[in-house]
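The following exercises concern salt bridges and strand pairing. Each task is followed by a solution in steps.

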Amino acid sequence: MGSNAKGRTVLEVGADGVALITIINPPVNSLSFDVLYGLKDSYEEAMRRDDVKAIVVTGAKGKFSGGFDISAFGGLQGGQKAEPKPGYISVEVITNAVEGARKPSVAAIDGLALGGGLEVAMACHARISTPTAQLGLPELQLGLIPGFGGTQRLPRLVGISKALEMMLTSKPVKGEEAHDLGLVDALVSPDELVSTARRWALDILERRRPWVASLHKTDKLEPLGEAREILKFARAQVQKQAPNLKHPLVCIDVVEEGIASGGRAGLWKEAEEFQGLLRADTCKSLVHIFFAQRGTSKVPGITDRGLMPRRVTKVAVIGGGLMGSGITTALILSNYPVILKEVNEKFLQAGIGRVKANLQSRVKKGKMTPEKFEKTFALLKGALDYESFRDVDMVIEAVIEKVSLKQEIFADLEKYCPQHCILVSNTSTIDLNLIGEKTKSHDRIIGAHFFSPAHIMPLLEIVRTNRTSPQVIVDLLEVGKKIKKTPVVVGNCTGFAVNRMFFPYTQAGLLLIERGADVYQIDRAITKFGMPMGPFRLADLVGFGVAIATGLQFIENFPERTYKSMLIPMMQEDGRAGETTKRGFYVYDDKRKAKPDPELKKYIEKSRSISGLSVDAKLAKLPEKEIVEMIFFPVVNEACRVYAEGIAVKAADLDIASVMGMGFPPYRGGIMFWADLVGSKYIYSRLEQWSNIYGEFFKPCAYLAERAAQGAPLSSPLKQSKSRL
């Protein structure tokens, strides 16, 4: 019944004549091909045996099944794995063997029935669930559609609108809602689940309960004309929300095929479309991101030493500004008691007020009960000195980016905090060795670069120096996980990974507009590509003060390849500092809505003359594709340097950093993955060409040149890791 190594099914026949088929493939009983073939074998055995009257399908250890085994996709996409012919699982196994069995079967669902797991359950003749089980079809998150009949059975069980909503949003429903929808037939507690399902299966056999093949159910389907209106509306929504994605539209087409031509025809169309999507770049990109995100917490040479994270029971945060209050919010939301320190009572009350407002906004949105609010807020204490720091396990410094101030704080922390206390800085650009220069505690100094707003943004850059101890890294990885962040461990350099990779993003934009390209056309092309906002709208959001300060760090450290423009400093001198002053590259109304500003022209003309440039007719009429390349290829170039210098251990970590830190579209797989889809040779030749015309800013780095010459992917592992980590 499938190999023991990779999952199997087990069949046991009870005295009542019910065969219990259990899916076993820890941790979530995913459906590997072994499990699916095992399921077919178990069904065939149950059909042959005279002592079997009916069947119950369940999953081991309180989980029905988390769905198809995603790790098999890579092999299927690359053609390394032999796969069954298209439609074999969906038609032969799920439809003919399970749904078409001449003995009734009932799915007993606990924990989760997601993706293929729910598809198996929907092919059974009834479903019994626990109230808290999660049921859903999240395949679209991976650039696919359900491939084992889900596009056909779900609309027949819950109606077209709800089925489309569940598939297009990938959101599961709990057992209780599934029961209201008609997706499950009864709710019972986990300890009564299997016994209830056994009785139910026998009741179907004795015709006391209906024997339903979901694929042929029609009572929940609207008439064709009405159905087409629903589908048309869904298509319009998808095109508005995800204009770059094809697979949601394919999903709607496949649902329509089943409604118009019958379930069986729908199954064949589903199988055929699934094959095409599986091999498309979108699916490859999203599957890559899925695994890359889970891989960031594995750090070679650190997490493979058998070190256990130490308990962090009390945390202190220094600075109650925007970042400090956001970090404090993230910590107390995950039950960490926090001391928030400020320099005076006024600042302290303002910081505590910000944390309170963050929590209240959760209550307003219904994400938190008033009782939970009180309990969470009670975890926060304020302080004006270091007296209460004597028993903290971790301190996070989140003050302004001023070296002397940070040095003074770290010297104080060494005096007041216990020996084991982890000393963390939330700096976004300053070298950590410089911050800890006046201490003897280099082994416990580490960076935790949160992104703003810190209690919402999912990424956490963990910055280690060459002296940070592995134990401290393991400890911070654990805290990161507990506060629900995706941690990426990076080395110590100006800008770390995210800000350093993306400093050319705005600079490339400035280079283009000083030579005649249009600000608003650039932002439009970049948002069309899939970024949440273009470089100029982003500069307005961040604020020109921050943009200038970080820009200076890069000019100082990488003078040969930074683009120096006076445009932003000139605008700031004139009282335009971005969104906060309601004027930047855009003008803003009271609702923070951005509108193009005709006055911008005069500033651009002035900075153009300071730079001694004139309008380049070719750049003034750039097509969208070239705008995207001229903005992003310099980012790829810098990402290559970050990788080659060993600032990041894996190219996939840079992909996650770009997606979660900068909003790079996940369906393009992250910055390095996307670059490999474009091709290193092409990127190199374009950069080389531009650097000859426009100067050093575009000059391809040695690593990119070398990979292009070999025709090798940029993200393949480095031969020697001269890792700075």
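**Exercise 1: A pair within one helix**

Being 3 residues apart in helix H26, Arg641 and Glu638 are separated by about one helical turn. The model under study is a predicted one.

Task: State how far apart the closest N and O atoms of Arg641 and Glu638 are, and decide whether each residue is buried or exposed.

Solution.
1. The closest N and O atoms of Arg641 and Glu638 are 3.0 Å apart, and the two residues form a salt bridge.
2. Buried means under 20% relative accessible area.
3. Arg641 has 15% relative accessibility and therefore counts as buried. Glu638, at 1%, counts as buried.

**Exercise 2: A pair between distant parts of the sequence**

Task: Explain which parts are tied together by Glu645 and Arg500.

Solution.
1. Glu645 and Arg500 form a salt bridge, with 2.9 Å between the closest N and O atoms.
2. Glu645 lies in the loop between helices H26 and H27, whereas Arg500 belongs to helix H19, so the pair joins parts 145 residues apart in sequence.
3. Arg500 is buried, at 1% relative accessible area, while Glu645, at 23%, counts as partly exposed.
4. Both residues belong to a network of salt bridges that also links Glu560, Arg561, Glu638 and Arg641.

**Exercise 3: An open sheet**

Task: Identify the edge strands of the sheet.

Solution.
1. The open sheet has 8 strands in the order S12-S11-S10-S13-S14-S15-S16-S17, with mixed pairing.
2. Strands S12 (380-383) and S17 (486-491) each pair on one side only and are the edge strands.
3. Within the sheet, S14 and S15 run parallel and are joined by 3 bridges; Ser425 stands opposite Gly447 in S15.

Technical notes: Residues numbered from 1 in each chain as written. Predicted model: local features only at pLDDT ≥ 70, side-chain atom pairs only at ≥ 80, totals over all residues. Heavy atoms only, no water. Pairing = 2+ DSSP bridges. Helix = DSSP H or I, 4+ residues; strand = E, 2+ residues; numbered from the N terminus. Salt bridge = Lys/Arg side-chain N within 4 Å of Asp/Glu carboxyl O. Buried < 20%, exposed > 50% of the residue type's maximum accessible area, 1.4 Å probe, protein only.
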